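The following exercises concern charged pairs, nonpolar cores and cysteines. Each task is followed by a solution in steps.

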Amino acid sequence: MTNEVAEPAPQPQPQLASAMTLDNYRFPAHRLLPQQTDPDRTPLVLVACGSFSPITYLHLRMFEMANDYARINTQYEVVGGYLSPVSDAYKKAGLAESRHRVRMCELAAEDTSSWLMVDPWEAIQPEYMPTAKVLDHFEYEINQVLNGILAADGESRKPVKIMLLAGADLISTMSTPGVWAEKDLDHILGNFGAMIVERSGTDIDEALSNLKQWEQNIHVITQMIQNNVSSTKIRLFIKRDMSIQYLIPATVIQYIEQNRLYTDDGEAKSKEKDKQRATN
């Protein structure tokens with residue numbers, strides 16, 4: 001009889017977000033912290049909704065800044081972070097197909113982070129999903145399906161706080177009358193809350209003055225090192241045949257080049273594909 005120790009069974013590889021459809025969707029939780037480390041803190045998951053066309057280093061830095069802010073200034077413990085690209089139904093100028101945007105986010109998360117994930121649920125919807133419904137989706141998947149997170153004692157489970165992570169330009173639109181439905185604002189800021197990263201050109205104080213009733217749930221994060229890169233500027237650089245090196249992850253640049261995204265030629269081919277789909 002030998003005393004050989006059996007090797008642990010290999011863990012199954014998580015399903016690629018970019019390979020998911022409405023038929024085979026599974027909520028990605030492979031990088032969600034399996035157990036809370038600090039029993040005195042509230043577990044927190046950060047969700048960034050946006051176009052990500054393409055994703056930039058600022059999008060990724062927002063999560064790191066929010067993680068630092070939560071650890072230093074709040075009683076939250078960040079246990080996960082998600083990028084949630086908007087669906088094609090959003091019809092925004094410069095919006096690459098959702099399959100491309102999900103894959104670029106996936107490449108960026110894999111290449112630069114050990115804890116960020118991409119949830120394609122919003123992106124694969126045939127209709128535009130309001131931010132309030134997207135946050136409800138995360139609340140359901142994490143706190144109902146997964147039953148929250150294992151507490152620091154290793155026995156009980158704790159509900160996870162879901163919070164929106166966004167740039168100051170979003171909070172500016174929230175403070176503009178008529179842009180957001182009042183019930184959605186109350187649901188997002190009242191029930192979930194938001195971490196807002198300041199950006200130059202946005203008067204954050206003016207924006208917050210119109211959101212006084214929710215100010216306790218809005219956390220403003222100051223950029224210690226200013227980064228004003230934007231997806232719009234990246235697309236402009238590409239159209240002008242200018243370098244975008246060191247502005248977005250190298251794997252994303254490679255993907256953009258391989259798929260000829262954001263070029264006049266690439267956009268023409270994309271529009272032609274849309275016409276073919278409509279006639280079929």
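**Exercise 1.** Determine whether Asp68 is buried, partly exposed or exposed, and describe its pairing with Arg71.

*Solution.* Step 1: the classes are defined by relative accessible area, buried being under 20%, exposed over 50% and partly exposed in between (1.4 Å probe, protein chains only). Asp68 counts as partly exposed because its relative accessibility is 33%. Arg71 falls in the partly exposed class because its value is 48%.

Step 2: the model is predicted, so local features need pLDDT of at least 70 and side-chain atom pairs count only at pLDDT 80 or more, whereas totals for chains, interfaces and linings use all residues. Residues are numbered from 1 along each chain as its sequence is written, and side-chain values use heavy atoms, with hydrogens and water left out.

Step 3: a salt bridge requires a side-chain nitrogen of Lys or Arg within 4 Å of a carboxyl oxygen of Asp or Glu. Arg71 and Asp68 satisfy this, their closest N and O atoms being 2.8 Å apart.

Step 4: both residues belong to helix α1 (residues 57–73), where they are 3 residues apart, about one turn of the helix. Helices (H or I, at least four residues) and strands (E, at least two) are DSSP runs, numbered from the N terminus.

**Exercise 2.** State how many salt bridges the whole structure holds, and classify the partners in the pairs of Arg99 and Lys183.

*Solution.* Step 1: the search of the whole structure yields 8 salt bridges.

Step 2: Arg99 pairs with Glu97 at 3.2 Å, N to O. Arg99 is partly exposed at 41%, while Glu97 is buried at 14%.

Step 3: Lys183 pairs with Asp184, with 3.5 Å between the closest N and O atoms. Lys183 is exposed at 64%, whereas Asp184 is buried at 17%.

**Exercise 3.** Identify which residues touch the most other members of the largest nonpolar core, and list the contacts of Ile55.

*Solution.* Step 1: a nonpolar core is a set of buried Ala, Val, Leu, Ile, Met, Phe, Trp, Tyr and Cys residues joined through side-chain atoms within 4.5 Å.

Step 2: the largest core has 44 residues, and Leu46, Ile55, Leu165 and Met195 touch the most other members. Helix α1 supplies the largest share, 8 residues.

Step 3: with neighbours within four places in sequence left aside, Ile55 is in contact (heavy atoms within 4.5 Å) with Leu60, Leu83, Met104, Cys105, Ala108, Ile248, Pro249 and Val252.

**Exercise 4.** Give the number of disulfides and classify Cys49 and Cys105.

*Solution.* Step 1: with a disulfide defined as a pair of cysteine sulfur atoms within 2.5 Å, the count is 0.

Step 2: Cys49 is partly exposed at 23%, and Cys105 is buried at 0%.
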